[in-house]
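Reader: I would like a close look at one part of this model, namely its side-chain contacts. Please go through them slowly, and add where the residues sit.

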Amino acid sequence: EDYEVFKKINDKWIAGGDYKSKTLFEDMLFLDRASRNIGDIVYLDIFTMKDGLLNSKSLNMKMDVYTLLASLLRQNNFVIMNLPAYVNFYNVQNADGLDFAKLIRDTDTLGVVHPVIRYLDLRLGHTCNLKCVMCSPHDSSRWVQDHDKLLKRTTFPIVVEQMTWNGAEFNNTWYENPSFWAEMYEQIPNLKQVYFAGGEPLVIEEHYQLLEEMIRQGRTDIKLIYNTNLTNLEFKNRDIIKLWSHFKEVDVSASVDHYGRRAEYMRHGTNRLQLEENIRRLREVRQIRYFSLHTVVSVFNILTLPEFYLYLMDNELYMAGDNIYSSLVLTGPEYLSVLILPLELREQARQRLQKLITVMSLERFRPVHIDYITRILTYLDTPRVMDEQRELFFKETDRIDKLRGESFPDVFPELSDF
């Protein structure tokens, strides 16, 4: 019964409405064959366990079970990659071009697919050049700089829990392992698609080395897919657009939450002028077959989201013929949710979004574009008001402002009454 439930969820996510050609049928993201058992017995060094990992003087009782088991396995010569930073045959959003029936046939009775990798999903640690307000050290290496200072200033247990960080326990440099890349380079002749995320892939050295190795091996027919903050198109002595020019197809999804000062506040480290220039540059790159923007909708931008859309439209950064621009509602941390707003401000946001829908309809944007705005309206109708999170929002925002030399009231005057 559980299998069937997960199957329906996964097939809907993969296929949208096209169940004839895009479902994965019996395989699913949540319980895929790439994650099944590879044996019945593991030999452990019990003395290392007893004297090191489980020593009463060094054992961290706040450590989660996953971290404990991962540490145990690493000490016994297993390679552990923090989910979802792993090679996954099935984690795709569109099944086009991949022969899943063959992948299933190649899976042996123990659930092992011997390494002929077609699709590579690389979430390259937490190395990032930004420290976005909704993130944490787990998401961005730059957040680590602020971590200790913020924890000393907060009195809210929920913030301490969300921001807890221990670099020794959290392995975010797994991708620096030379043996991993040696194995990946061997798979380049088999690859059809590679998906890059992070952190921020465009500021990670190993990402560029992999592209250069693909070019060296003559595999420029591999489809490249990116999730990026798009703030850097040049890294050290490399220009990513020049590297992409060798490849036949590149898909880019850019995370952009606003324009002007609001963009720089929400995704701290952003240069607003450079970001807009980068968007313009990518719109002209022939190899990019699919380019789209993605916005995280939070308390910071819900009231001015229509203004942001209109700015993009007026400056020809988003037009009716473009690919889908998705706006996804933030659900955590809860104190940044739109649901902390009082009902009267949520009603203001609703009215502004409805006017935006009217404008987009007149500009002949397709229903699929407008659908994301409609989903935000639906979320605003949630009856819950997170009053208990409101004080937390004010105090934590004030702490971050003091640490970073910023001013939330100055950047977001539309929320001054709030």
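Author: A network of salt bridges connects four residues, Glu-205, Glu-212, Lys-236 and Arg-238. The model is a predicted one, and 23 salt bridges are found in it. Three further pairs can be taken one by one.

In one of them, the side chain of Arg-123 meets that of Asp-121, with 2.6 Å from N to O. The two partners are not covered alike: Asp-121 is buried, at a relative accessible area of 1%, while Arg-123 has 21% and counts as partly exposed. The cut-off for buried is under 20%, so the 21% of Arg-123 puts this residue in the partly exposed class.

A second pair joins Asp-371 and Arg-375, whose side chains come to 2.8 Å, again N to O. Both residues belong to helix H14 and are 4 residues apart, which is about one turn of the helix. Asp-371 is partly exposed at 29% relative accessibility, and Arg-375 is partly exposed at 47%.

The third pair consists of Arg-384 and Glu-334, with 3.8 Å between the closest N and O atoms. Arg-384 is in the loop between H14 and helix H15 (387-404), and Glu-334 is in the loop between E10 and H13, so this salt bridge ties together parts that lie 50 residues apart in sequence. Each partner is partly exposed: Arg-384 has a relative accessibility of 38%, and Glu-334 has a relative accessible area of 27%.

Next come the rings. A pair of aromatic rings is described by two values, the distance of the centres and the angle of the planes. The whole structure contains 20 aromatic pairs. One of them is formed by Tyr-208 and Phe-235 and is stacked, with 5.3 Å from centre to centre and 10° between the planes. This pair links distant parts of the chain, since Tyr-208 is in helix H8 (residues 205-216) and Phe-235 is in strand E5 (residues 234-235), 27 residues apart. Both Tyr-208 and Phe-235 are buried.

Tyr-259 and Phe-308 have ring centres 6.5 Å apart and planes at 15°, so they too are a stacked pair. They connect the loop between strand E7 (250-255) and helix H10 (260-266), where Tyr-259 lies, with helix H12, which holds Phe-308; the two are 49 residues apart. Tyr-259 is partly exposed, at a relative accessible area of 21%, whereas Phe-308 is buried, at 1%. Both belong to a cluster linked by ring pairs, which also takes in Tyr-309, Tyr-311, Tyr-318, Tyr-325 and Phe-365.

Phe-308 leads to its helix. H12 covers residues 305-314, and its buried residues are Leu-305, Pro-306, Phe-308, Tyr-309, Leu-312 and Met-313. Because their arc around the axis is only 160°, they are on the same side of H12. They pack against two strands, E9 (288-297) and E10 (326-329), and against two helices, H13 (343-362) and H14 (367-380). After H12 comes Glu-316, which has a positive phi, near 55°.

An aromatic residue can also lie at the surface. Phe-47, in helix H2 (residues 46-53), is exposed, with a relative accessible area of 54%. Together with Leu-44 and Ile-46, Phe-47 makes a nonpolar surface patch of about 300 Å².

Technical notes: Residues numbered from 1 in each chain as written. Predicted model: local features only at pLDDT ≥ 70, side-chain atom pairs only at ≥ 80, totals over all residues. Heavy atoms only, no water. Patch = residues over 30% accessible without salt bridge, like charges linked within 9 Å, V, L, I, M, F, W, Y side chains within 5 Å. Areas by Shrake-Rupley, 256 points an atom, 1.4 Å probe, with all protein chains shown as cover. Buried < 20%, exposed > 50% of the residue type's maximum accessible area, 1.4 Å probe, protein only. Arc of directions from axis to C-beta. Contact = heavy atoms within 4.5 Å. Phe/Tyr/Trp six-rings, centres within 6.5 Å; stacked < 30°, edge-to-face > 60°.
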